[in-house]
Amino acid sequence: MTPDTDFTPWPEVLARTYREAGYWQGETFPAWLAGLAGRYGDRAALRAGDLTVTYRDLHARAGRQAAHFAAHGLRAGDRVVVQLPSVPEFFDVLFGLMHLGARPILALPAHRAGEIAFFCAHADAAAYVTVDRHAGFDHRGLAREVRAAAPALRQVFVLGDAQEFTPLTPPAGLPPVPATPGEAGGVALYQLSGGSTGTPKLIPRTHDDYLYSVRASAELCGLGGDTVYLAALPLAHNFSLTSPGTLGVLHAGGRVVLAPQPTPDVTFPLVRHEGVTLTALVPALLQVWLHVARRDASALASLTRVQVGGAPLSPDVARAVPDVLGAEVQQVFGMAEGLVTYVRPGTAPALACTTQGHPISPHDEVRVVDDEDRDVPDGQPGHLLTRGPYTIRGYFRAPDHNARAFTPDGYYRTGDIVTRLPGGALRVTGRHKDQINRGGEKIAAEEVEHALLRHPQVAAAALVGLPDPWLGERSCACVQLHPDPAGPPARAVARDLAAHLRRLGLAAFKVPDRFLILPDLPRTAVGKVDKPALRRCAQAAPDLIP
Ligand code: J2J
């Protein structure tokens, strides 16, 4: 029998433990949503502009969206790539697909044809759901490219002006269909990995494990019916969806306010108007908020807590939050693969500003190890390995990568370097994986390097991260060209390489911020590119911005 590479289950003995502990409750998302509609009925669940969607509406809209998808041939088990901005329809699609037993693959609005076509082809997606235009970009053009590259794609649904594609909005009067019964232990949706390899990885999350992380996050963050959450980060991101995110707020019967943009010009008036109490930001965005709030924070009076995660937060920036924003700061360290740690509310500032807190679950197993997988003592940095009731055991269709990314006994190698303090709090001190964290947006170096190597002039390429006061890190592509005495000047080459990456359909955040053209790349004794040496070299070199 060929092994199932689509989904790696937890060992049965642990699955039983997680069920017995009450973490896995055997509930699917459609049942959960129906429960919310019953419990919270006419309360406002979502606010977007002037629109209010109640809990009852949210459930009915999912049923109608499911009916619309079914009328266009989607069925239980189909995988569907979803790429929507912060609009209420995101939830119609998410819950509508799950209502049907279909499985959303949650792409980010910033993804372009290269990524979307890969997700569609790799997952044999039945459909792609997108918007007509967003942030000046026409997603229908992208859809045309994707359709040519992914022949299994049966449908493209477009929100707004669909042109030749199928309109996403169900026709008026379409009655909801009943939910397709599903297995709580089955895959509910796919998150995307920040990754460190040549191709992005899909993360299968089950109803049981994902809902556990949502419920437990909502509880430990103390959310309730009076929570008003501003969704400023992309809705699809694991942080803003589940930590505790929009799903956690819905679970608690609170209200989610959708911000069309995360910047203070848009979000501050929304905070005032909607009485927002809680939001989640990446450090880069927090710095922008602080900068504006130092002049005038009067719009933020209702805000009681700001969660910050996705990238390292400097203790000084964290310490400024209570004074400048008038709110508590809560650090969150998490990953779409599973493990999430929170600084518990009420923690003393000295610890709250310098650590990333404790894991959600008493059953989260955390190991901090050296290069040979031997445990290191508390207080010393090491590689973070983890397994537990909501951390995956394998990526979708990636057997070779899974063999490297997980230990034989099922620990996920996070690629993060952490120190465990006496008392168990984790402090993230570095990163081992070859990834650049550009303001919370993750770039797998290898993916960009492979794309650069497809340019005929490029002989070798290495992507490194350089410190940046706003983004935390920005990316620099170090490139060795094939010898060409009559070749164009370096700046023209840089421009050409950036254009080449955009032509390949790479998301804009992956296009290097800087280029460095070198006669050859420094190598280690075993012939691998010496990235620490390149980083030093790139920091000393003059700026070469494409
Ligand atoms: C340092 N690095 C961090 C932090 C994530 C909650 C919060 C964040 C994510 C997320 C998430 C960090 N300090 N506070 O999914 O549910 C880096 C680490 C980690 C990687 C995961 C959630 N918080 N990171 O950021 O899958 O390197 O998830 O392994 O996008 O971001 O990235 P991602």
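This is a short tour of a predicted model, stop by stop, with something to select each time.

**Stop 1: the ligand**

Start by selecting the ligand and the residues around it. There are 20 of them, and H237, S243, V332, D416 and K433 come nearest. By class, that shell breaks down into nine nonpolar, eight polar and three charged residues.

Now show side chains and look for oxygen atoms on the ligand. One ligand oxygen sits 2.8 Å from a side-chain N or O atom of H237. Move over to K433, where a polar side-chain atom is 2.7 Å from an oxygen atom of the ligand. Then pick K442, which has a polar side-chain atom 3.0 Å from a ligand oxygen. How much of the ligand does the protein bury? On its own the ligand exposes 610 Å², and the protein buries 96% of that.

Colour by secondary structure next. Helix 8 (238–242) and strand 16 (328–335) are the elements that give two or more residues to the shell. Strand 16 gives the most, with four residues.

**Stop 2: strand 20 and its partners**

Select residues 381–387, which make up strand 20. Is this strand largely enclosed or largely open? Six of its seven residues are buried, so the rest of the structure largely encloses strand 20.

Add residues 365–369 to the selection: this is strand 19, running antiparallel to strand 20 and joined to it by five bridges. To find one end of the match, click E365, whose bridge partner in strand 20 is R387.

Then bring in residues 412–420, strand 21, which also runs antiparallel to strand 20, again with five bridges between them. Here a handy pair to label is G382 and V418, with V418 standing opposite G382 in strand 21. While the strands are on screen, remember that in a regular strand the side chains alternate between the two faces of the sheet.

**Stop 3: H432**

Go to the loop between strand 22 (426–431) and strand 23 (435–438), and pick H432 there. Buried or exposed? H432 has 55% relative accessibility, and the cut-off for exposed is over 50%, so H432 counts as exposed.

Ask the viewer for contacts, skipping neighbours within four places in sequence, and you should get H383, G415 and I417. For a distance check, use T414: its C-alpha is 8.8 Å from that of H432, with their positions 18 residues apart in sequence.

**Stop 4: S193**

Next, select S193 in the loop between strand 10 (187–192) and strand 11 (202–206). S193 counts as buried, because its relative accessibility is 10%. Turn on side chains and draw the polar contact from S193 to the side chain of E337, at 3.0 Å. Beyond the neighbours within four places in sequence, S193 is in contact with K201, I203, E337 and Y395.

**Stop 5: L518**

Finish in strand 27 (residues 514–518) by selecting L518. At 15% relative accessibility, L518 is another residue that counts as buried. What does L518 touch, not counting residues up to four places away in sequence? The list is C478, V479, Q480, L481, L534 and C537.

Before you close the session, draw a line from the C-alpha of L518 to that of G415: they are 29 Å apart in space and 103 residues apart in sequence.

Methods:
Residues numbered from 1 in each chain as written. Predicted model: local features only at pLDDT ≥ 70, side-chain atom pairs only at ≥ 80, totals over all residues. Heavy atoms only, no water. Buried < 20%, exposed > 50% of the residue type's maximum accessible area, 1.4 Å probe, protein only. Pairing = 2+ DSSP bridges. Contact = heavy atoms within 4.5 Å. Near = heavy atom within 4 Å. Polar contact = N/O pair within 3.5 Å; in protein donor to acceptor, adjacent residues only side chain to side chain. Areas by Shrake-Rupley, 256 points an atom, 1.4 Å probe, with all protein chains shown as cover. Nonpolar A, V, L, I, M, F, W, Y, C, P; charged D, E, K, R; others polar.
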